[in-house]
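Student: I have a model open and want to test some labels against their criteria. Can we go through them one at a time?

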Amino acid sequence: MVYNGNMNGTKIKTAIVGGGASGLMLAALLAENGDNILVLERGERVGRKLSATGNGQGNITNLAVTETEYFSSVPTGAERARALLSAFDHRALTAFFERLGVLLLPDERGRVYPAGRQASALTDALRFYLADAGVRTAANACVVAIEKRDRGFYLTAKTERGTQGYEAENVVLCTGGKAAKNFGTDGSAYVLATKLGHTVTPLTPSLVQLKTDTAHTKTLKGIRAADAELTAHWTEKGEKKATSLQGDVIFTDYGVSGDAVFRISAFVTDKTEKGVTLTIDFLPAFTEEKIYATLTEKRRTFPSLAQTELLGGIVNNQIGRAVMKRAGGDIREAALLVKAFPLRVTGTLGFDYAQVTKGGVPLAEVDENLQSKLVKGLYFAGEILDIDGQCGGFNLQWAYSSACAVARAIGTKTRGQV
Ligand SMILES: Cc1cc2nc3c(=O)[nH]c(=O)nc-3n(C[C@H](O)[C@H](O)[C@H](O)COP(=O)(O)OP(=O)(O)OC[C@H]3O[C@@H](n4cnc5c(N)ncnc54)[C@H](O)[C@@H]3O)c2cc1C
């Protein structure tokens, strides 16, 4: 049922602010209780971002979900997510969507998608289920204020029909983060939490392209280093840290993009001010010695071949020229650079290009059911919390696991269980 008005004096049991991944899942789980629920979504329809996930294919979860795939601004954050993730893991999520008539399938990397590879199938299934269960969703309803009253909350929303007020016993903030504002997540909703006394940790974009020093890559714009090994290096509490992964790196005018960059960004975007360096191994299958020996032999066999062309046939031609130029023609140095081409990270392309937000409402401010420790009846689910996941379905899994924790808590209050 699409709802576009006030509740005619009926008090809402649970007002869900945000009709994204976590809000829709929460509404679906609570619908089983028959509670009086209202989903308020600022966009013209619910689930717009969900329909765009995974390049439109909907990478909903991952077979390898553990807390180690997650980040938080405090070391204990990801640890705190563990119980919630295991209470509603990828198996539970798969079973849930099967109940809604959607089959899920993993790919060879453990990423789980709807079998038809359409993210919109997830949104459609949730939307149909909610409509069938009679859950009211108010689209074009942007919640601008939430006031705590004696026995519940008063929410004010800007709607197409002017300002509307709603009374609710519980409020769940499912408003997402600050990334990808074209999906309704511009960060303005954090103020709903801060006005109720919560804090928000520093926010950084994640799963995003990285800006780098481009002095040695100006000629490489648009060039893809396929299946390179990318390593990020940084220092944490005086200790040197590094993480590596394999994938495509694409050179751009601002720095680097491509799936490897995107994935590695999750580890470092909050550390760029303290210094992060990337190194690219253009040829993970060959050792530095093998490359050096090949270059030595090539120079001996073809003495008239221009120095800049020596890496032709070994790596992409343009990459080869950029490497030889940076090496100043020294083939020992060139072999080293093929295996570890360093780029200093200077920033990210920003929230508008990011898929996820690092930081949010600290987990220390909520209990194990994600209920506010400051305001009874206020809950949080999804990206608004200070938890973010790696690329590969982990962020949607968090949205769903956290929604399930809230549903269980609110459901227990009403009916004993969800
Ligand atoms: C292009 C893209 C692709 C992605 N692909 C994947 C993927 O394949 N796998 C994966 O795991 N993750 C992916 N993510 C990340 C994932 O979509 C998010 O982490 C997840 O949707 C967060 O769920 P959420 O419920 O917290 O917030 P969201 O899904 O962002 O929903 C928040 C909702 O709240 C609404 N809202 C905000 N403020 C208000 C307000 N004041 N009043 C009313 N409504 C409000 C917004 O309009 C929005 O609909 C992707 C993200 C993007 C941008």
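Tutor: Yes. Keep in mind that this is a predicted model. Start with Leu207: it has 26 C-beta neighbours inside 10 Å.

Student: Why is Leu207 called buried?

Tutor: The cut-off is 20 or more other C-beta atoms within 10 Å. Leu207 has 26, so it counts as buried.

Student: Where is Leu207 placed?

Tutor: In the loop between β11 (204–206) and β12 (210–212). Its phi is positive, about 55°, although Leu207 is not a glycine.

Student: Why remark on a positive phi?

Tutor: Because most residues other than glycine have a negative phi.

Student: What is the phi of Asn140?

Tutor: About 55°, so positive, and Asn140 is not a glycine either. Asn140 sits in the loop between β7 (136–138) and β8 (142–149).

Student: Why is Asn140 called partly exposed?

Tutor: Asn140 has 16 other C-beta atoms within 10 Å. Buried needs 20 or more, and exposed needs 12 or fewer. The value 16 falls in between, so Asn140 is partly exposed.

Student: Which strands form the closed barrel?

Tutor: Six strands, in the order β12-β15-β14-β13-β16-β17, with antiparallel pairing. Neighbouring strands of this sheet are turned by 45° against each other on average, direction ignored.

Student: How do you know that β13 and β16 pair?

Tutor: Pairing needs at least two bridges. Strand β13 (residues 224–236) and strand β16 (residues 276–281) are joined by six, so they pair, and they run antiparallel. Trp234 stands opposite Val276 in β16.

Student: What packs on the sheet?

Tutor: Helix α7 (residues 259–268). Among the strands it touches are β12, β13 and β16. The direction of α7 makes about 155° with that of β14 (239–251).

Technical notes:
Residues are numbered from 1 along each chain as its sequence is written. This is a predicted model: local features need pLDDT of at least 70, side-chain atom pairs count only at pLDDT 80 or more; totals for chains, interfaces and linings use all residues. Helices (H or I, at least four residues) and strands (E, at least two) are DSSP runs, numbered from the N terminus. Axes are lines fitted to C-alpha atoms, for helices over the stretch in contact, and angles run from 0 to 180 degrees between N-to-C directions. Two residues are in contact if their C-beta atoms, placed from the backbone, lie within 7 Å.
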